[in-house]
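Grab a pencil and work through these exercises with the model open beside you. Each task comes with a solution in steps.

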Amino acid sequence: MIVEKDARIYEEMDPMDTVDDALLQRSVRGELDAEEFLDAAQITCSVTDNVVLLSGEASSEIQRSRAEAVASEVANVFGVENDIRLKT
């Protein structure tokens with residue numbers, strides 16, 4: 001599932017304001033690592049064209065959703081695809 005932010009915001013952005021995907025990935029990774037509620041070591045993230053792909057495992061749907069919310073709150077993230085699986 002891809003969660004996208006309000007498209008109107010991005011219509012107003014200058015293309016020169018976009019952030020390098022590698023830099024954005026480091027920012028998302030830092031925010032995930034700082035989130036006490038998450039076992040961030042079990043979550044990987046990659047970024048392509050300012051869209052974050054989350055994968056890995058979470059112990060609960062709450063943690064899975066929280067990882068998505070944390071990633072979507074990072075500046076310049078246009079959307080989040082959450083492929084995190086629940087641990088069985």
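**Exercise 1: a pair in one helix**

Glu-61 has a relative accessible area of 40% and is partly exposed, because that class runs between buried (under 20% relative accessible area) and exposed (over 50%), using a 1.4 Å probe and protein chains only. This is a predicted model, where local features need pLDDT of at least 70, side-chain atom pairs count only at pLDDT 80 or more, and totals for chains, interfaces and linings use all residues. Residues are numbered from 1 along each chain as its sequence is written, and side-chain values use heavy atoms, leaving out hydrogens and water.

Task: find which side chain meets Glu-61 in a salt bridge.

- Step 1: apply the cut-off, a side-chain nitrogen of Lys or Arg within 4 Å of a carboxyl oxygen of Asp or Glu.
- Step 2: Arg-64 fits, at 3.6 Å from N to O.
- Step 3: both residues sit in helix α3, 3 residues apart, about one turn of the helix.
- Step 4: check Arg-64, which is buried at 17%.

**Exercise 2: a pair across strands**

Task: work out which elements the salt bridge of Glu-57 and Arg-85 links.

- Step 1: their side chains meet at 3.8 Å, N to O.
- Step 2: Glu-57 lies in strand β3 and Arg-85 in strand β4, 28 residues apart.
- Step 3: helices (H or I, at least four residues) and strands (E, at least two) are DSSP runs, numbered from the N terminus.
- Step 4: β3 and β4 run parallel, joined by 8 bridges; pairing takes at least two bridges found by DSSP.
- Step 5: Glu-57 is partly exposed at 30%, and Arg-85 is partly exposed at 48%.
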